[in-house]
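Hi everyone, thanks for having me. Today I'd like to walk you through one protein, so please have a look at the screen.

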Amino acid sequence: MTTSESVPAGPEGAIVGTVTDRLVEANQHYAAAFTDPGMDARPVLRVAVVACMDARLDLHAALGLELGDCHTIRNAGGVVTDDVIRSLTISQRALGTRSVVLIHHTGCGLESLTEEFRHELEMEVGQRPAWAVEAFRDVDQDVRQSMQRVRTSPFLLHTDDIRGFVFDVKTGLLREIDPA
């Protein structure tokens with residue numbers, strides 16, 4: 001598999017390029033109308049949002065956010081990993097965020113994986129991944145675990161405003177998870 005899969009043929013069967021070509025072309029149109037918003041790298045709302053990378057989650061629209069409002073950290077499952085803690089630490093200590101919002105969602109692909117995935121990769125490529133899959137069966141419990149990882153990190157300065165949610169991909173609604 002390549003990093004830019006071919007885009008389906010256009011009218012008359014003409015090949016229209018790769019997905020990456022299409023994205024680069026879209027950027028050219030974007031840049032032509034772009035004006036520097038004059039923003040600082042510090043999020044206006046002083047919040048960092050950690051969420052799943054699922055393509056169905058349009059976080060800015062779902063949360064009523066504008067460009068510059070928050071830091072957005074995304075990965076498979078929205079799991080709080082060491083790298084997420086690294087990003088949150090930089091977000092807080094260097095860029096002034098104070099709140100953390102964690103968002104998992106219904107129908108997550110990690111619910112159908114197991115740590116066996118790592119073993120399968122090792123058999124296929126001859127090397128075991130250093131990272132954990134972080135698969136889960138109970139999305140609510142995984143949000144609680146992620147909240148706990150943020151709250152107990154010695155690197156984070158601000159752990160009093162940590163809230164976790166499950167986004168319903170069918171309704172667009174957030175459901176808050178009690179950390180207890």
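I'll start with the overall picture, then move to the sheet, the core, the cysteines and a few local details. Please keep in mind that this is a predicted model.

Let's begin with the big picture. The secondary structure comes to five helices and five strands. If you follow the chain from start to end, the pattern reads α-β-α-β-α-β-α-α-β-β. The C-alpha atoms fill a box of roughly 60 × 50 × 35 Å along the principal axes. Of the 180 residues in the protein, 35% are buried. And here is a number about how the chain comes together: take the contacts between residues at least 6 apart in sequence, and 60% of them join residues at least 24 apart.

Now, the sheet. In what order do the strands of the open sheet come? The order is β2-β1-β3-β4-β5, and the pairing is mixed. For anyone new to this, strands of a sheet pair through backbone hydrogen bonds, either parallel or antiparallel. At the edges you find β2 (70-75) and β5 (174-177), and each has a single partner strand, so one side of each has no neighbour in the sheet. From one strand to the next, the twist averages 25 degrees.

Let me zoom in on β1, which covers residues 47-52. It runs parallel to β2, and six bridges join the two. Two positions to find on your screen: V47 stands opposite C70 in β2, and V50 stands opposite I73 in β2. β1 also runs parallel to β3, this time with five bridges. There, A48 has V100 of β3 as its bridge partner. Is β1 enclosed or open to the outside? Six of its six residues are buried, so β1 is largely enclosed by the rest of the structure. Part of the picture around this strand is the helix α3, which lies across β1, β2 and β3 and runs at about 175 degrees to β2.

That brings us to the inside of the protein. The largest nonpolar core has 23 residues, and those with the most contacts inside it are V50, L88, V100, L102 and V150. Which elements each supply at least two residues of this core? They are β1, α3 (82-93), β3 (99-105), α5 and β4 (162-167). The largest share, four residues, comes from α5. There is also another core lying apart from this one, with 11 residues, among them V49, L65, I103 and F167.

V50 is a nice residue to click on here. Leaving out residues up to four places away in sequence, V50 touches I73, G78, V84, L88, V100, V101, L102 and I103. You'll recognise I73 from a moment ago, as the residue opposite V50 in β2.

Next, the cysteines. A disulfide is a covalent bond between the sulfur atoms of two cysteines. How many disulfides does a search of the whole structure find? Zero. C70 is in no disulfide, and its nearest cysteine sulfur, that of C52, is 16 Å away. C70 counts as buried, at 12% relative accessibility. For C108, the closest cysteine sulfur is also in C52, at 4.1 Å, which is too far for a bond. C108 is buried as well, at 7% relative accessibility.

Let's look at aromatic rings. The search of the whole structure finds one aromatic pair. The rings belong to Y30 and F34; their centres are 5.4 Å apart and their planes are at 45 degrees, so the pair is tilted. Y30 counts as exposed at 51% relative accessibility, while F34 is partly exposed at 42%.

Finally, two backbone details. R46 is not a glycine, yet it has a positive phi of about 55 degrees. You'll find R46 in the loop between α1 (19-33) and β1, and it is partly exposed at 41% relative accessibility. E134 is another non-glycine with a positive phi, here about 65 degrees. It sits in the loop between α4 (116-125) and α5 (139-151). Is E134 buried or exposed? At 18% relative accessibility, E134 counts as buried.

That's my tour. Thanks for listening!

How values were computed
Residues numbered from 1 in each chain as written. Predicted model: local features only at pLDDT ≥ 70, side-chain atom pairs only at ≥ 80, totals over all residues. Heavy atoms only, no water. Phe/Tyr/Trp six-rings, centres within 6.5 Å; stacked < 30°, edge-to-face > 60°. Buried < 20%, exposed > 50% of the residue type's maximum accessible area, 1.4 Å probe, protein only. Core = buried A, V, L, I, M, F, W, Y, C linked by side-chain atoms within 4.5 Å. Contact = heavy atoms within 4.5 Å. Pairing = 2+ DSSP bridges. Axes fitted to C-alpha atoms, helices over the stretch in contact; angles between N-to-C directions. Disulfide = S-S within 2.5 Å.
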